[in-house]
Amino acid sequence: MENPSEGPGATFIEGEHPSDPTAVWAILMHWLVAAREQISEQQAREAVEWVSDSLGIKHDDLVQAAGFIGHPDAANMTLGEAVEHYGGDPITFTLYMVMLCGGLVATVGDGDADWLKQFDLAP
């Protein structure tokens, strides 16, 4: 997938009833950073490999966002630097975060989307 920001996930943020991008970012970032505390570097690698193999996402592109889950080959970037790495487009970076969450669910969470609930923000 050469431009994931044009895929179906982009409608979640840009569609007829767009979500609040700040809330979307907060949830996704919290899930990824909280998961980082519970997974190994190998599990981070496996999540990236799953996304790359299953969705056809370029491995090197995905690794940059995977620093937030502790992938050992990722550069140590701030959120702003990560967005800039993806062309300064926050929607593109958001889609990479969604894909990483999916990879974690598929590999670490054994395909159970409820696995992510353990990382929900407190109400």
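**Exercise 1. Determine whether glutamine 64 is buried or exposed, and identify its surroundings.**

Solution. Glutamine 64 has a relative accessible area of 18%. Buried means under 20% relative accessible area, exposed over 50%, and partly exposed in between, with a 1.4 Å probe and protein chains only. Glutamine 64 is therefore buried. The residue is found in helix α4; helices are DSSP runs of H or I of at least four residues, strands are runs of E of at least two, and both are numbered from the N terminus. Setting aside residues up to four places away in sequence, glutamine 64 touches Ala74, Ala75, Met77, His85 and Tyr86, where contact means heavy atoms within 4.5 Å.

The model is predicted: local features need pLDDT of at least 70, side-chain atom pairs count only at pLDDT 80 or more, and totals for chains, interfaces and linings use all residues. Residues are numbered from 1 along each chain as its sequence is written, and side-chain values use heavy atoms, with hydrogens and water left out.

**Exercise 2. Describe the environment of tyrosine 86 and state which backbone atom its side chain reaches.**

Solution. Tyrosine 86 is located in the loop between α5 and α6. Its relative accessible area is 9%, so tyrosine 86 is buried. Beyond its neighbours within four places in sequence, tyrosine 86 is in contact with Asp61, Leu62, Gln64, Ala65, Thr92, Phe93 and Tyr96. Aspartate 61 lies 25 residues away along the chain, and the two C-alpha atoms are separated by 8.3 Å. The side chain of tyrosine 86 reaches the backbone oxygen of aspartate 61 at 2.3 Å.

**Exercise 3. Compare the expected span of helix α3 with the separation of its end C-alpha atoms, then locate its buried residues.**

Solution. The expected span of a helix is 1.5 Å times one less than its number of residues. Helix α3 (residues 41-55) has 15 residues and should therefore span 21 Å; its end C-alpha atoms are 21 Å apart, which agrees. The buried residues in α3 are Ala44, Ala47, Val48, Val51 and Ser52. They cover an arc of only 130 degrees around the axis, which puts them on the same side of α3; the arc is that of the directions from the helix axis to the C-beta atoms. An α-helix has 3.6 residues a turn, so residues three or four places apart point the same way. The buried residues of α3 pack against α4 (59-65) and α6 (90-107). After α3 comes glycine 56, whose phi is positive, near 70 degrees.

**Exercise 4. Identify which elements build the largest nonpolar core, and which of them gives the most.**

Solution. A nonpolar core is a set of buried Ala, Val, Leu, Ile, Met, Phe, Trp, Tyr and Cys residues joined through side-chain atoms within 4.5 Å. The largest such core has 35 residues, of which Leu32, Ile69, Phe93, Leu100, Leu104 and Trp115 touch the most other members. Two or more residues come from each of α2 (21-36), α3, α4, α5 (79-85) and α6. Helix α6 gives the most, with eight residues. Not counting residues up to four places away in sequence, phenylalanine 93 touches Trp25, Met29, Ala65, Phe68, Leu79, Ala82, Val83 and Tyr86.

**Exercise 5. Characterise the backbone and exposure of aspartate 110.**

Solution. Aspartate 110 lies in the segment after α6. Its phi is positive, about 50 degrees, although aspartate 110 is not a glycine. With a relative accessible area of 70%, aspartate 110 is exposed.

Key: Polar contact = N/O pair within 3.5 Å; in protein donor to acceptor, adjacent residues only side chain to side chain.
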